Amino acid sequence: MKAGPDIAMVASLVGDPARANMLTALLSGRALTASELAQEAGITPQTASSHLSKLETGGLIEQEKQGRHRYYRLADPDVGGVLEGLAALAARAGHMRVRTGPKDPALRRARVCYDHLAGDLGVQMLDSLRRQKLVRQHKHDIELTAEGRRFLESTLQISAETLAHPRRPVCKACLDWSERRHHLAGTLGAALLKRFTELKWAARDPTPGSRVVQFSRQGEKRFAALFGDAA
């Protein structure tokens with residue numbers, strides 16, 4: 001028997017279409033009920049319960065009980081990063097879903113990837129942060145610069161001191177499935193999206209399982225002023 005991590009076990013959990021749909025719905029960062037996840041997967045509640053048990057045993061999701069309801073969420077940001085990376089690989093290999101809906105362009109433009117901004121605007125933001133020398137990137141490693149710390153505190157009122165986390169990096173490159181380039185994850189990526197919503201520049205689609213992020217007209221202008229494309 002080979003030693004080391006059991007990749008096949010994790011792959012088998014993600015590889016089932018119903019479970020993949022459930023996990024994708026949880027990429028919204030919201031905790032969802034078994035009934036909501038059953039609807040996302042197109043299966044019965046009884047079948048969903050079996051799938052959720054396997055995902056929880058496999059360490060990909062966790063549950064939280066509140067009153068009579070049980071809510072499920074991804075176990076941690078790393079699970080979200082793996083799922084987004086798999087989606088990028090599938091897109092690059094041409095394994096795309098045949099049916100698309102009216103929200104597909106909105107999903108590609110701006111969406112949640114667990115707790116940070118993804119899509120065209122997420123990639124644009126990381127490009128701009130690099131261009132302005134607010135972060136420096138070498139391959140997958142991203143580091144917040146001293147100038148970046150000053151920018152966060154003076155422009156967005158985000159204290160760099162609050163970004164430290166014992167089990168999560170401040171900056172992390174996350175491969176974007178629709179753009180096939182990196183957007184910004186880590187505690188900084190999460191803090192930026194949270195700040196955009198606090199400022200009412202953007203709001204998340206309230207539909208359970210939706211990952212769409214909608215920017216207001218004013219929010220788009222403010223975002224473009226800070227992170228607009230290079231001329």
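**Figure 1. The whole chain, with its buried share.** Buried residues account for 41% of the 231 residues in the chain. The model is a predicted one. It holds 10 helices and 11 strands. The radius of gyration is 18 Å, and the globule rule gives 17 Å for 231 residues, so the chain is as compact as a globular protein of that length. Along the principal axes, the C-alpha atoms fill a box of roughly 50 × 45 × 40 Å. Take the contacts between residues at least 6 apart in sequence: 61% of them join residues at least 24 apart.

**Figure 2. The surface and the charges of the chain.** About 13,000 Å² of the chain is exposed. Carbon and sulfur atoms supply 52% of that area. The chain carries 35 positive and 25 negative charges. The mean positions of these two sets are 2 Å apart.

**Figure 3. The open sheet of β1, β3 and β2.** Three strands make up this open sheet, in the order β1-β3-β2. Their pairing is antiparallel. β1 (32-33) and β2 (61-66) stand at the edges, each with a single partner strand, so one side of each has no neighbour in the sheet. Strands of a sheet pair through backbone hydrogen bonds, either parallel or antiparallel.

**Figure 4. The hairpin of β2 and β3.** The view turns to two strands of that sheet. β2 and β3 (residues 69-74) run antiparallel and are joined by 6 bridges. Glu62 stands opposite Arg73 in β3. Glu64 faces Tyr71 of β3 in the same way, standing opposite it. In a regular strand, side chains alternate between the two faces of the sheet. The hairpin has 2 residues between its strands. Gly67 takes a positive phi near 65° in this hairpin.

**Figure 5. The hairpin of β6 and β7.** Here β6 (135-138) is joined to β7 (residues 141-144) by 4 bridges. The two strands run antiparallel. Gln137 stands opposite Ile142 in β7. This hairpin has 2 residues between the strands. Lys139 takes a positive phi near 55° in the hairpin.

**Figure 6. Two loop residues with a positive phi.** Most residues other than glycine have a negative phi. Lys133 is not a glycine, yet its phi is positive, about 60°. Lys133 sits in the loop between α7 (120-131) and β6 (135-138). Its relative accessible area is 59%, so Lys133 is exposed, the cut-off being over 50%. Gln157 also has a positive phi, near 55°. Its loop runs between α8 (146-155) and β8 (172-175). Gln157 has 51% relative accessibility and therefore counts as exposed.

**Figure 7. Arg211, a buried loop residue.** Arg211 is found in the loop between β10 (202-204) and β11 (213-215). Is Arg211 buried or exposed? At 7% relative accessibility, Arg211 counts as buried, because buried means under 20%. What does Arg211 touch, leaving out residues up to four places away in sequence? Its contacts include Thr24, Leu27, Ser28 and Glu84. Among the others are Leu107, Ala110, Arg111, Val112, Cys113 and Trp177.

**Figure 8. Phe215 in strand β11.** Phe215 belongs to strand β11. Its relative accessibility is 13%, so Phe215 counts as buried. Leave out residues up to four places away in sequence, and Phe215 touches Ala110, Leu117, Leu121, Phe196, Trp201, Ala202, Glu220 and Phe223. Ala110 is also among the contacts of Arg211. Phe215 and Arg136 are 79 residues apart in sequence. In space, 27 Å separates their C-alpha atoms.

**Figure 9. Ala173 in strand β8.** Ala173 has its place in strand β8. With a relative accessible area of 12%, Ala173 is buried. Which residues does Ala173 touch, not counting those up to four places away in sequence? They are Gln137, His140, Ile142, His182 and His183. Two of these names return from the hairpin of β6 and β7: Gln137 stands opposite Ile142. Ala173 and Arg130 lie 43 residues apart along the chain. Their C-alpha atoms are separated by 12 Å.

Note on methods:
Residues are numbered from 1 along each chain as its sequence is written. This is a predicted model: local features need pLDDT of at least 70, side-chain atom pairs count only at pLDDT 80 or more; totals for chains, interfaces and linings use all residues. Side-chain values use heavy atoms; hydrogens and water are left out. Buried means under 20% relative accessible area, exposed over 50%, partly exposed in between (1.4 Å probe, protein chains only). The radius of gyration is taken over C-alpha atoms; the globule rule is 2.2 Å times the number of residues to the power 0.38. Contact means heavy atoms within 4.5 Å. Accessible areas come from the Shrake-Rupley method with a 1.4 Å probe; for residues, only the protein chains shown count as cover. Lys and Arg count as positive and Asp and Glu as negative; His and the chain ends are not counted. The place of a charge is taken as NZ of Lys, CZ of Arg, CG of Asp or CD of Glu. Two strands pair if DSSP finds at least two bridges between them.
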